[in-house]
Amino acid sequence: MPAEHVDGRALALASALETLAAGYPDPLLLVGRSGTVLGATAALEARGGIPRDAVIGSLYTQWAADVDRPIIDDHFSRALEGETCRFRTVGRPDGVGRAELTYSPVAVDGEVIAVLVYAFAIAEVEERERAKQQADELLRIAGELASSGGWSLDRDSSMLTLSPESQRILGTDGEPALPFEHASALFAPGNADAIARAVDACFESGETIDLDLLVTTADGRTRIVKVLGRPTTDAAGAIVAAHGAIWDVTEATAERERAAALQQRLDLTLNSLSDGLILLDDEWRLVYANDRAEELIGRPFSEIEGHSLWESFPELADTELEVAYQRTAREQIRTTVRTAGTGPAKGRFFDVTAYPTATGIALYIRDVTEDERARHEMVKAQRRIADQAALIDASRDAIIVRSLDGVIHYWNRSAETLYGVTADDAIGGQVRDLICVADEVFEQGLAVTLREGYWSEELHCTTRDGRSLIIDCCWQLLPGEDGAPDRIFSVDTDVTAWRREENLRTRATRMESLGTFAGGIAHDLNNVLTPILMSIQLLESTETDPDRLELLSTMESASKRGADMIRQVLAFARGVEGRRDRVAIDALLVELQRFAADALPGAIRFTAEVDDGLPHALGDPTQLIQVLMNLVTNARDAMPDGGELRVTASTLILEDSFSTEAFQVEPGAHIIIDVVDTGHGMTPQTAEKIFEPFYTTKSVGKGTGLGLASSLAIVQSHGGTIRVYSEPERGTRFSVILPIAIGDDSSPAEPRVPTRTLPRGHGELILVVDDDPTIRLITARTLQSYEYRTLVAENGRDAIALVEAPGASVDLVLTDMMMPVMDGAATTAYLEEHHPGIPVIAASGLTSAGGAARSAGMGVAAFLPKPYTTSLLLTTIRDVLDGGAAREHDEQNGSSHPSEESR
C-alpha cells in the first residue's frame with residue numbers, strides 16, 4: 001500500500017519495533033489497519049524462512065494458507081476493535097504455516113492504529129508443553145518416592161539437626177534440633193547403645209555410620225529406618241561433625257520379608273513338583289534347578305550352577321532339543337520335544353518344554369516313560385486293529401456292526417460296494433434305511449438273534465438305489481464291556497448271481513428231464529402218426545365223395561400238424577448241436593426274403609437291409625435261418641391286420657461293462673440282427689415268459705410254445721443271445737446277437753474293441769428317467785464316471801417334479817418312452833411346452849412307429865435305441881449338449897445299432 005495512506009504513527013512504531021525487538025527469538029509483525037505489513041523482526045526469516053523484504057508492504061493474508069484466511073480476517077477485525085485474540089492456524093497439508101498467533105491492538109489516544117502480531121511455531125509450543133508436563137510429572141514422582149532426609153550431628157555440642165524431611169519421618173515437625181542423647185532415648189531406646197558405639201567409631205576413627213533401626217516416632221508410629229553417615233573434618237583435619245541421611249525403609253523391609261517368605265514358599269512348591277524345572281539366564285547359564293530336576297538329570301545342581309548349558313551338557317549339541325531351545329530364545333515361543341534320556345537317565349523318556357521368560361528360558365521336564373510305553377502298546381494295538389480292519393475290508397463279504405436299535409457302527413469296504421453306500425454315509429444311520437427287507441422277516445431274524453445269539457438266512461432285499469439282491473445273512477450277537485449283548489455282527493454275502501445261476505441250473509435239469517420225457521413220447525407218437533397219415537393218404541386215393549374227401553383232408557392236416565409238433569419236440573429234446581461254418585448274413589437274409597414272400601400276407605410290408613462290409617458269423621446256417629423264420633412267423637401272427645416288418649443286420653461293438661451288461665454278451669465285436677414289427681406287442685410280464693418251453697399266447701391249436709425256446713437255445717449254442725423289447729399296441733423288436741467268425745476274409749483277423757477317447761462331460765446335470773431300476777443305476781453311474789452329474793426318476797411325473805424343483809438346473813433329460821404313471825411321450829410333450837430350453841433324448845427299444853416315429857415332433861433332440869452302448873450314449877448326449885442335431889438315429893431306417901465305424 002502507498003505510504004501516504006499509512007498512519008505516520010504506525011510507521012514510526014514499526015521502525016521502533018524492528019530496532020527494539022531485533023533479538024527477539026519469535027517473529028513479530030506490525031500490521032496497519034488496511035492489512036498491510038508495516039514492520040517485521042529478523043526472526044521471521046530466521047524461524048519462518050520468509051524474507052523480511054518480501055513481507056513488508058504486502059497484505060498480511062498473502063502468506064497464509066487458503067483454509068486459514070477466513071479465521072485470520074475474523075480475528076484481525078476483532079483486534080482492530082480493541083480485542084486481543086489468540087488462535088492457532090491449520091496451515092498447508094505439508095504442515096507449513098501451522099502457528100499460534102496473538103493479535104494485540106496498538107492504540108494511541110484510544111484509537112487503534114495497528115495490530116501487533118506474535119507468531120509462535122505450534123510444533124515448538126507443543127514441544128515446550130510436553131517438556132513442561134514431563135518435568136512436572138518427574139517432580140511429582142520424585143516427590144512421592146522421596147522418603148530420605150538429612151541430618152547433622154555436632155561433635156562438641158552433641159546437637160542433632162534434622163532436615164524437614166527427616167522431621168517428617170521421625171514425626172518431629174517444628175523441632176529442627178534436639179540433643180543426641182534425647183533423640184536416641186526418644187526414637188530408639190532399644191538401640192541406644194548400638195547408636196552410641198557407631199557414633200563414637202565415626203568420631204574417633206572416621207568409620208561410616210550404617211544402621212538399620214526400629215524406631216518409634218514422636219507421634220507414636222513404629223517405623224524401620226536406614227541411617228547412613230560420614231564424618232566431617234575442619235581445616236585442620238579434625239573430625240568435628242557427622243553428616244548423613246535417614247530413609248524410611250519400613251515398606252521396603254516389609255517387602256523384602258514378604259519376598260523372602262514368598263521365595264521360601266516358592267522353593268518349597270517347586271521342590272514338591274513331580275516334574276523338573278531348570279531356569280537359564282539370557283547367557284544360557286544355569287541359575288536354578290529344583291530337586292526333581294537334579295534327580296532327572298542325575299547330577300547335583302551345585303556342580304553346574306552358573307555354568308553354560310552347552311558346557312554342562314555337551315551331548316545336546318546338534319539335537320532336536322538344541323533346535324527347540326534356540327527357537328524359543330529367538331522367536332519367544334514355547335516349544336516341546338519328547339526325547340530319550342542319556343547317561344543315568346538312559347531308558348527313560350522325557351517331555352521337555354522350553355518357555356521364554358523375561359530373563360532367559362525356563363525348562364519344564366516331565367518324565368513320560370510310562371506314557372511312552374503305553375503309547376507304544378497303543379500303537380501296536382492300533383496296528384493290530386488296522387491289520388484286522390484291512391483283513392475285514394479285504395473280505396468279499398459285507399461286514400456290518402450295528403447296535404440293537406439298528407444304528408450302524410461299522411461298515412466295511414465290501415458293504416460299500418454291495419449296498420452302494422459309503423461308510424461315511426452309513427455309519428450313524430439306521431440299517432433299515434439302507435437295506436430294505438420285509439418287516440416280518442427282519443423282526444423274525446432279530447428275535448432269533450436276541451434269543452439264540454445267532455441267526456442265518458437268505459434275505460430278499462432292495463438297496464437304497466433300487467437294486468434287488470438276494471443276501472445270505474449271518475447275524476451274531478456281540479457282548480458289550482459289561483458282558484451284556486449290545487451289538488450285532490453281520491456278515492452279508494451276495495448270492496444274487498449264484499441263486500440266479502442255481503435256478504437256471506435247476507431249470508436246465510428240469511428241462512433236460514422234460515426233454516428226455518418229451519423225446520420218448522414224441523418217438524412213440526411219431527410211430528402212431530405214421531400209419532395214420534399213410535392210411536389217410538391211401539383212403540384219399542380211392543375216395544370220390546366230396547364230403548368224405550373234405551373230412552379226410554382235415555384229418556390229414558391235423559396229422560401233419562401233429563407231426564410238426566413232434567419234430568419240434570424231438571429237436572428240443574435232442575439239443576441244437578450242429579456244424580459251425582462261416583455264415584454270410586446277407587445270404588441268410590436273401591433266403592429269408594424268399595420265405596417271407598410266401599409266408600407273409602400282402603398286408604404286411606417286409607424289408608431287409610444289411611450294412612456294407614458286414615463280417616461273417618460263425619454257426620450253422622440251417623439253424624440260423626430256422627431262428628429267423630421263427631421270428632418272422634411270430635411277427636406275422638402279431639400283425640393280423642397288416643403292418644410293417646423290418647429286418648436289419650449290422651455290426652455291434654461292446655466296449656465296457658455297461659454295454660456288455662446291457663446286451664448280456666461278452667465285450668468285443670458282434671453281429672446284431674434286428675427283427676422289428678409294428679404288431680400288437682407284449683406287456684413286460686409276457687415278454688419275460690416267451691422263451692419258456694410250451695409257453696404261448698396263441699389260441700389252442702395255433703402254437704406249440706417251442707419256437708422261441710428252441711430259437712434261444714440255437715443262438716445260445718452259437719455263443720450269442722436274443723434280446724426282446726416290446727410295447728403293447730406299438731410293436732416288438734427281437735435282437736439276435738451272434739459272435740463274428742474270427743479270421744474271416746471280410747472281417748479283421750482279431751476283432752477287438754477299438755481304443756478311442758469317448759467324449760466327457762463338463763459337470764452338466766443329466767436327468768435319467770426310466771422305470772427299470774437297473775437301467776437307472778447303471779446309466780447314472782456311467783455318466784458320473786464321465787464327469788456328468790445325475791438325477792434319476794422312475795416315471796415322467798417324478799421327472800417333471802425334479803425339473804421344476806427350486807434351484808434345479810437340469811441341462812438334459814434322457815427318458816424311456818414306455819413307463820407307468822406318465823410315459824415318455826407325455827413327458828417330452830410337457831417339457832417341450834413348459835421347458836423348451838431343456839433338450840430331451842428319447843430311448844426306446846423300438847425304432848419304428850413305436851419309437852423314433854412316435855417321438856418325432858415332440859421336441860425330442862435325439863433318439864437312442866435300447867439297449868444302447870456307452871459310446872452311443874456319450875456321443876449322443878455330447879452332440880445334443882454341444883448343439884448338434886443328433887437326429888441321425890431317427891432318420892436311419894437301415895439299422896438300429898450302427899457300427900462303431902459309422903459312428
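**Figure 1. The largest cavity takes up about 310 Å³ in this predicted model.** Zoom in on the middle of the space and you meet L160, F180, I195, L213 and V227, the closest to its centre of the 20 residues in the lining. The wall is built from both helices and strands: β6 (148-154), β7 (159-162), α7 (180-187), α8 (192-205), β9 (209-216) and β10 (222-233) each put in at least two lining residues. What is the make-up of this lining by class, nonpolar, polar or charged? The count comes to 19 nonpolar residues, one polar and no charged. Two cavities of 30 Å³ or more turn up in the structure, and the other one gets its own view next.

**Figure 2. The second largest cavity holds about 110 Å³ of space.** Here 14 residues do the lining, and I435, L459, C473, W475 and D492 sit closest to the centre. Strands to look for are β17 (398-403), β19 (435-437), β20 (454-463), β21 (468-479) and β22 (485-494), each giving at least two residues to the wall. Which of them gives the largest share? That would be β21, with three residues. Sorted by class, the lining of this cavity has 11 nonpolar residues, one polar and two charged.

**Figure 3. The largest nonpolar core brings together 40 residues.** If you want the hubs, pick out I585, L592, L645, I673, I722, F734 and V736, which have the most contacts inside this core. At least two core residues apiece come from α21 (585-599), β24 (604-610), α22 (621-637), β26 (643-654), β27 (668-677), α25 (707-717) and β29 (731-739). The largest share belongs to α22, which supplies seven residues.

**Figure 4. I585 and its neighbours, with another core elsewhere in the chain.** Which residues does I585 touch, once those up to four places away in sequence are left out? The list runs L614, P615, A617, A649, I671 and I673. A separate core of 26 residues lies apart from the largest one, and its members include A415, C473, L477 and I488. C473 also shows up in Figure 2, as one of the residues closest to the centre of the second largest cavity.

**Figure 5. Helix α26 covers residues 773-785.** From its first C-alpha to its last, this 13-residue helix reaches 18 Å, close to the 18 Å expected at 1.5 Å a residue. Its buried residues are R776, L777, I778, T779, A780, T782 and L783. Follow the chain just past the end of α26 and you get to E787, where phi is positive at about 70 degrees.

**Figure 6. M817 sits in the loop between β32 (812-816) and α28 (824-834).** Is M817 buried or exposed? M817 counts as buried because its relative accessibility is 0%, against a cut-off of under 20%. Also in this view is A843, 26 residues from M817 along the chain, with 6.1 Å between the two C-alpha atoms.

**Figure 7. The whole chain, for context, runs to 903 residues.** Of these, 41% are buried. The secondary structure tallies up to 31 helices and 34 strands. As for how far apart the contacting residues are, take the contacts with a separation of 6 or more: 54% of them link residues 24 or more positions apart.

Technical notes: Residues are numbered from 1 along each chain as its sequence is written. This is a predicted model: local features need pLDDT of at least 70, side-chain atom pairs count only at pLDDT 80 or more; totals for chains, interfaces and linings use all residues. Side-chain values use heavy atoms; hydrogens and water are left out. On a 1 Å grid over the protein atoms alone, a cavity is a set of points where a 1.4 Å probe fits but cannot get out, and a pocket is an open set with protein on both sides within 12 Å along at least five of seven lines; lining residues have an atom within 4 Å of a point. Grid points are joined across faces, edges and corners, and a volume is the space filled by probe spheres set on the points. Helices (H or I, at least four residues) and strands (E, at least two) are DSSP runs, numbered from the N terminus. Ala, Val, Leu, Ile, Met, Phe, Trp, Tyr, Cys and Pro count as nonpolar, Asp, Glu, Lys and Arg as charged, and the others, Gly among them, as polar. The expected span of a helix is 1.5 Å times one less than its number of residues. Buried means under 20% relative accessible area, exposed over 50%, partly exposed in between (1.4 Å probe, protein chains only). A nonpolar core is a set of buried Ala, Val, Leu, Ile, Met, Phe, Trp, Tyr and Cys residues joined through side-chain atoms within 4.5 Å. Contact means heavy atoms within 4.5 Å.
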